[in-house]
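Visitor: I'm new to this one and would like a close look at a single part of it. Could you take me to the hairpin and then show me what lies around it?

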Amino acid sequence: LEHQLKLAGEASLDRIAKDLLPRIDDFFDDGPITPSVIHGDLWSGNIGTADGQPTIFDPATYYAHHEAEWGMSWCASLGP
């Protein structure tokens, strides 16, 4: 996160980061996070059927927070 904020080149973001980053763990109090294999590029073009069964396909899988897939599905307008 710090690297991305520096790339933005905004002094106001640098000030926020200086206060926020040392306390970042305070925002994640839902217990230990175990990396999960997630789809990575979930959108309607990666959904189809194989032998008459619903199928999700894409080679862009990776390990991430278990809730990251929900964010990707929201970006692709696949859910509420």
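Guide: Here is a walk through the hairpin, with a bit of the whole chain before it and some other spots after it.

One thing up front: what you're looking at is a predicted model. To get your bearings, the chain has three helices and four strands. If you follow the sequence from start to end, the pattern reads α-α-β-β-β-β-α. There are 80 residues in the chain, and 12% of them count as buried.

Now to the hairpin itself. Its two arms are strand β2, residues 47-50, and strand β3, residues 53-56. The two strands run antiparallel, and four bridges join them. You can pick out some of the partners by eye. Ile47 has Ile56 of β3 as its bridge partner, and Thr49 is matched with Pro54, also in β3.

Where the chain turns from one arm into the other, there are two residues between the strands. One to look for in the loop between β2 and β3 is Asp51. Most residues other than glycine have a negative phi. Asp51 is not a glycine, and yet its phi is positive, at about 55 degrees. Asp51 also counts as exposed, because its relative accessible area is 82% and the cut-off for exposed is over 50%.

Slide along β3 to Ile56, the partner of Ile47. Ile56 has a relative accessibility of 52%, so this residue counts as exposed too. From Ile56, look across to Gly45: the two are 11 residues apart in sequence, and their C-alpha atoms are 9.2 Å apart in space.

Next, step off the hairpin into the loops. Thr61 sits in the loop between β3 and β4, the latter being residues 62-64. With a relative accessible area of 48%, Thr61 is partly exposed. Its C-alpha is 5.6 Å from that of Ile38, although 23 residues along the chain separate Thr61 and Ile38.

His39 is in another loop, the one between β1 and β2. This histidine counts as buried, because its relative accessibility is 10% and buried means under 20%. His39 also has a partner for comparing sequence with space: Pro59 is 20 residues away in sequence, with 8.0 Å between the two C-alpha atoms.

Let's finish with the charges, beginning at helix α1, which covers residues 2-8. Side chains of opposite charge can pair when their charged atoms come close. The structure holds one salt bridge, and you'll find it between the side chains of Lys6 and Glu2, at 3.7 Å from N to O. Both residues lie in α1, four residues apart, or about one turn of the helix. Lys6 counts as exposed, since its relative accessibility is 56%. Glu2 comes out as partly exposed, because its relative accessible area is 44%.

Elsewhere on the surface, there's a patch of negative charge where Asp25, Asp26, Asp29, Asp30 and Glu67 gather. To find the patch, start with Asp25, in the loop between α2 (11-20) and β1 (36-38). At 63% relative accessibility, Asp25 counts as exposed.

If you want one place to go back to, make it the turn of the hairpin: Asp51, in the loop between β2 and β3, with its positive phi of about 55 degrees.

How values were computed:
Residues are numbered from 1 along each chain as its sequence is written. This is a predicted model: local features need pLDDT of at least 70, side-chain atom pairs count only at pLDDT 80 or more; totals for chains, interfaces and linings use all residues. Side-chain values use heavy atoms; hydrogens and water are left out. A salt bridge is a side-chain nitrogen of Lys or Arg within 4 Å of a carboxyl oxygen of Asp or Glu. Buried means under 20% relative accessible area, exposed over 50%, partly exposed in between (1.4 Å probe, protein chains only). Two strands pair if DSSP finds at least two bridges between them. Patches are made of residues with over 30% relative accessible area and no salt bridge: like charges are joined within 9 Å, nonpolar side chains (Val, Leu, Ile, Met, Phe, Trp, Tyr) within 5 Å. Accessible areas come from the Shrake-Rupley method with a 1.4 Å probe; for residues, only the protein chains shown count as cover. Lys and Arg count as positive and Asp and Glu as negative; His and the chain ends are not counted. The place of a charge is taken as NZ of Lys, CZ of Arg, CG of Asp or CD of Glu.
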